[in-house]
Amino acid sequence: MDQSISIALMLTLERLSPAERAAFILHDVFRYGFDEIGQMLDKSAPACRKLASRARDNIQRKTQPNSADRRELEQLSSAFFDAIRQGDMDLTRTWFNGVPGYVLSLKQNPVTAFSFDADQGLIGKIYAIRNPDKLRYFV
């Protein structure tokens, strides 16, 4: 599977609860019936049908903007980039998921890994990995 597709799929599935994710994948990908899924998840068939339906709705719904106000976001982003400019944080170029990317580190500990998707000569998407278990590969 193409790495950009696997990242997009991972990010999409992370928005689902574990039960929604299981019901959706088992039904829509592997074509199990809801009775079979119910036995696997120890839930009723109608409950599994509802979980899969909620998962589909969640996948199709666009993410809502953060509830932080504009002033707070401006302050936080300014502080973030000031820390990079002042040398408190290191930004190193690396390759991961088959594309070039960057790892942002604080005191030699990776805090975020970034990769990008291009769209007609512009950055179309920015992917950020913040999970410490995944970031340990960048040490």
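Contact here means that heavy atoms of two residues lie within 4.5 Å.

**Figure 1. The whole protein chain, shown as a predicted model.** Let's start with the overall layout. The protein chain has six helices and four strands, and reading along the sequence gives the pattern α-α-α-α-α-β-β-β-β-α. Now for the contacts: among those between residues at least 6 apart in sequence, 32% join residues at least 24 apart. Of the 139 residues in the protein chain, 23% count as buried. The accessible surface comes to about 10,300 Å², and 52% of that surface belongs to carbon and sulfur atoms.

**Figure 2. A close-up of Asn58 in helix α4.** Helix α4 covers residues 45-60, and you can find Asn58 within that stretch. Is Asn58 buried or exposed? Asn58 counts as buried because its relative accessibility is 14%, and buried means under 20%. Setting aside neighbours within four places in sequence, Asn58 is in contact with Arg15, Leu16 and Glu20.

**Figure 3. A close-up of Ala128 in strand β4.** Strand β4 runs over residues 122-129, with Ala128 as one of its members. Ala128 counts as partly exposed because its relative accessibility is 40%, and partly exposed covers the range between the 20% and 50% cut-offs. Which residues does Ala128 touch, not counting those up to four places away in sequence? They are Thr112, Ala113 and Phe114.

**Figure 4. Ala128 and Leu11 viewed together.** Try finding both residues in the sequence, then in the structure. Ala128 and Leu11 are 117 residues apart in sequence, yet their C-alpha atoms are 9.9 Å apart in space.

Key. Residues numbered from 1 in each chain as written. Predicted model: local features only at pLDDT ≥ 70, side-chain atom pairs only at ≥ 80, totals over all residues. Heavy atoms only, no water. Helix = DSSP H or I, 4+ residues; strand = E, 2+ residues; numbered from the N terminus. Buried < 20%, exposed > 50% of the residue type's maximum accessible area, 1.4 Å probe, protein only. Areas by Shrake-Rupley, 256 points an atom, 1.4 Å probe, with all protein chains shown as cover.
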